[in-house]
Amino acid sequence: MTELRQRMLEELQRRNFASSTIRYYIRTIREFAVYFHKSPDQLGVEEVRQFQLHMLRDRKLATGTVENRMTALHFFFKKVLKRYDPELYDMQLTRVPKKLPVVLSPEEVEKLIAAAPNMRYRTILLLLYATGLRRAEASRLKIADIDSQRMVIHVHEGKNSRDRELPLTPKLLEALRAYWRACKVKPKVYLFPTRFKTAGEERPVTDKAVWHACIESARRAGLSKRLGPHTLRHTFATPLYVHLSRRHLHAAVNPLERINIPGLSQTPPKESGRDEATV
């Protein structure tokens, strides 16, 4: 690891950026350097301008993607190199089209879930659709975060390092228990662990694995819409739920309860002992 990359990493970690954001920022700076075949600390405003044009004109990246990468470049020059050049902020895109998010119909959600190639992918899709979790949050979800007594799911250090609670519906609880029972090697810490361990400790799947669960299931379902984990987050209609007070948390009907999923009953599952399932 170069000294410059280490400084960038430390500045991001010191501000408690999410691991996915850290990877994105570092990758952006690496691409910036590779494009000019120079160390990024030897580049300046003119190169940033050329790189922005390259992303828009040559690579034809979405304007939102370009804006995100410009934010990474601003962070690098201001926080890592300590350069405060006002010209950098004159390169913000003034016309960023605001598009409506892709939302799936209940029938499309049913097709997507039915097309999941295995139990783990199916459970990931059900979890995303029923809770609106971000893919990084879903990948790191722990068994202890699933509170079947209070029927809530605890999300620790989500976006902006905020904790929150989400409703746990009877149908989702039944699906999680069915998944746990089907696992040959029972998850002990994380709901979706990998086969690999670090110093003997269980590790969660990456957020890329959650993304792949959506992409592969969509391909098998023959859905033409471009979708990923965030599509299910939009379909879940996050604003209706995450801003509800705890008093109203269970008042609204969860979208998962409205669709027909083979193998899941319409009635709440009976409480089982901790030996049968830990969720």
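In this predicted model, Arg219 comes out as exposed, with a relative accessibility of 57%. Its salt-bridge partner is Glu216, and the closest N and O atoms of the pair sit 2.6 Å apart. Glu216, at 18% relative accessibility, counts as buried. The two residues are three apart in helix α9, so about one helical turn separates them. Elsewhere, Glu11, Arg14 and Arg15 are joined into one network by salt bridges that share partners.

In total, the structure holds 13 salt bridges. Another one links Glu137 to Arg134, with 3.1 Å between the closest N and O atoms. Here Glu137 is buried, at just 6% relative accessible area, while Arg134 is partly exposed at 22%. Arg57 pairs up with Asp58 at 3.4 Å, and Asp58 is partly exposed at 43%.

Now for the nonpolar side chains. The largest nonpolar core has 46 residues, and Leu127, Leu172 and Leu191 touch the most other members. Helix α6 gives this core its largest share, eight residues. Setting aside neighbours within four places in sequence, Leu127 is in contact with several residues, including Ile153, Leu172, Leu191 and Phe192. There is also a second, separate core of 28 residues, with Leu12, Val48, Met55 and Leu61 among them.

Finally, helices α1 (residues 3-14) and α4 (residues 63-80) pack at an angle of about 100°, their axes 10 Å apart. The two helices are therefore roughly perpendicular to each other. On the α1 side, the meeting residues are Leu4, Arg7, Met8, Glu11 and Leu12; on the α4 side, they are Ala72, Phe75, Phe76, Lys79 and Val80. Seven of these contact residues are nonpolar, three are charged and none is polar.

Note on methods:
Residues are numbered from 1 along each chain as its sequence is written. This is a predicted model: local features need pLDDT of at least 70, side-chain atom pairs count only at pLDDT 80 or more; totals for chains, interfaces and linings use all residues. Side-chain values use heavy atoms; hydrogens and water are left out. Axes are lines fitted to C-alpha atoms, for helices over the stretch in contact, and angles run from 0 to 180 degrees between N-to-C directions. Helices (H or I, at least four residues) and strands (E, at least two) are DSSP runs, numbered from the N terminus. Angles under 35 degrees count as roughly parallel, over 145 as roughly antiparallel, 65 to 115 as roughly perpendicular and the rest as oblique. Contact means heavy atoms within 4.5 Å. Ala, Val, Leu, Ile, Met, Phe, Trp, Tyr, Cys and Pro count as nonpolar, Asp, Glu, Lys and Arg as charged, and the others, Gly among them, as polar. A nonpolar core is a set of buried Ala, Val, Leu, Ile, Met, Phe, Trp, Tyr and Cys residues joined through side-chain atoms within 4.5 Å. Buried means under 20% relative accessible area, exposed over 50%, partly exposed in between (1.4 Å probe, protein chains only). A salt bridge is a side-chain nitrogen of Lys or Arg within 4 Å of a carboxyl oxygen of Asp or Glu.
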